[in-house]
Amino acid sequence: MEKYYEEACRLHRTYPVVDTHLDLAAEIYYRRRNGEREVIRSHYLEPLKKAGVRLVVSSVFLENEDLPARGLELTLGQIAALYEDLESVKEEVRLVRSKSEILQVIEEGKIGILLYMEGLDVLTWDCSMLRCFYEMGVRGASLTWSRRNYLGEGSCTASEYRQVRGGLSELGKEAVRELEALHMFVDVSHLNDDGFADLTGVAAKPFIASHSNARTIHDNYRNLTDDQIRLLSGRGGVMGMNACSEIVGAVPGPAGISKMCDHIEHIIRLAGPEHVGIGLDLCDAYYAARAKKELPAQRDDCLKDHSDLILLTAELLRRGVREEDIARILGGNFLRYFCDVLE
């Protein structure tokens, strides 16, 4: 395995890596409330640099207990916390809002943070608020998290196994059209099956699943069916492979990495290597921030941090995945998507 690891390190130095889901803004907000500063530098900078990550999509995420009363307050608080923390690493990490800014950070060997909303609960019934979030730097959204809001029904959570029925409301369909009009990306992760079907009927542009895997490999309603994967890829979308053990369907560590590769290979066979990427959803650090203490390592995440992506790449090499396809999976596919969708 050593020769594959060395080759994987070369690929991570050569090709830009993209992670399309990290609860970074939320984690920074809670760590700053706990008295920490320079969160990105302390917890993320070295693993991101080791893995060659050049773009991270940071979510703004709200817990059930925060809604509805504190939704807007915490949304603004997380965005402000991210902006403040970026000041401490501004020579190496910056917020990106457009194709040109993404390409610039890659050319300069820096790291870009792309901001998006994980669920639009905070809109309540007013989609015009999307314009305000756009002006704050938000460049995409999923309509729901794993719960109902005014736009539609979310899927069950990763720890559950149940079908949730009910499609998009008229407001949800309006939100899709407004997101596309603002050149913001649309994310179907956490949307239930009926909502996915409704979205395909209203969306005019490609959409993504930022952190969802293949339901055929692990039967979880947070993952996409083969038919959904075909629809998403047929529209020019990309799926980001999730590293949460309950979504992967394996325990953290080597077994989890191997199972993630099973998901990747299945999607390659089904839709081609142009439609799969990385969306790790590493949550252990977020849970620790919420709990105000360090929790046991790798409680839920199959990777200990972003540097373990090199192990994933080594396993793909061992299985015979071609270098050009690995380059697409690591970041090329999502870079193409964002450069097409964003202004």
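Which side chains meet in a salt bridge with an N to O distance of 3.4 Å? Select Arg 322 and Glu 324, whose side chains form that salt bridge, defined as a side-chain nitrogen of Lys or Arg within 4 Å of a carboxyl oxygen of Asp or Glu. This is a predicted model, in which local features need pLDDT of at least 70, side-chain atom pairs count only at pLDDT 80 or more, and totals for chains, interfaces and linings use all residues. Residues are numbered from 1 along each chain as its sequence is written, and side-chain values use heavy atoms, with hydrogens and water left out.

**Salt bridges**

Remain with the first pair. Arg 322, at 46% relative accessibility, counts as partly exposed, and Glu 324 is also partly exposed, at 40%. Here buried means under 20% relative accessible area, exposed over 50%, and partly exposed in between (1.4 Å probe, protein chains only). Next, select Glu 38, Arg 41, Glu 46, Lys 49 and Glu 92, which salt bridges with shared partners join into one network.

Continue to Arg 299 and Asp 300, which form a salt bridge at 3.5 Å, N to O. Arg 299 is partly exposed at 43% relative accessibility, whereas Asp 300 is buried at 16%.

The count of salt bridges comes to 31. One of them joins Asp 194 to Arg 165, with the closest N and O atoms 2.6 Å apart. Asp 194 belongs to helix α9 (residues 193-202) and Arg 165 to the loop between β5 (138-142) and α8 (170-181), so the pair ties together parts 29 residues apart in sequence. Helices (H or I, at least four residues) and strands (E, at least two) are DSSP runs, numbered from the N terminus. Arg 165 is exposed, at 51% relative accessibility.

**Helix α2**

Select residues 24-33, helix α2, where 9 of the 10 residues are buried. Among the buried ones are Glu 27, Tyr 29, Arg 31 and Arg 32. The elements they pack against include β1 (17-22), α5 (71-87) and α13 (284-291). Following the helix is Gly 35, with a positive phi near 100 degrees.

**Nonpolar cores**

A nonpolar core is a set of buried Ala, Val, Leu, Ile, Met, Phe, Trp, Tyr and Cys residues joined through side-chain atoms within 4.5 Å. The largest has 94 residues, and Leu 82, Leu 120, Leu 143, Leu 199 and Met 260 have the most contacts inside it. Select Leu 199: leaving aside neighbours within four places in sequence, its contacts (heavy atoms within 4.5 Å) include Leu 143, Val 186 and Phe 207. Finally, select Ile 102, Tyr 116, Phe 185 and Phe 334, which are among the 17 residues of another core lying apart from the largest one.
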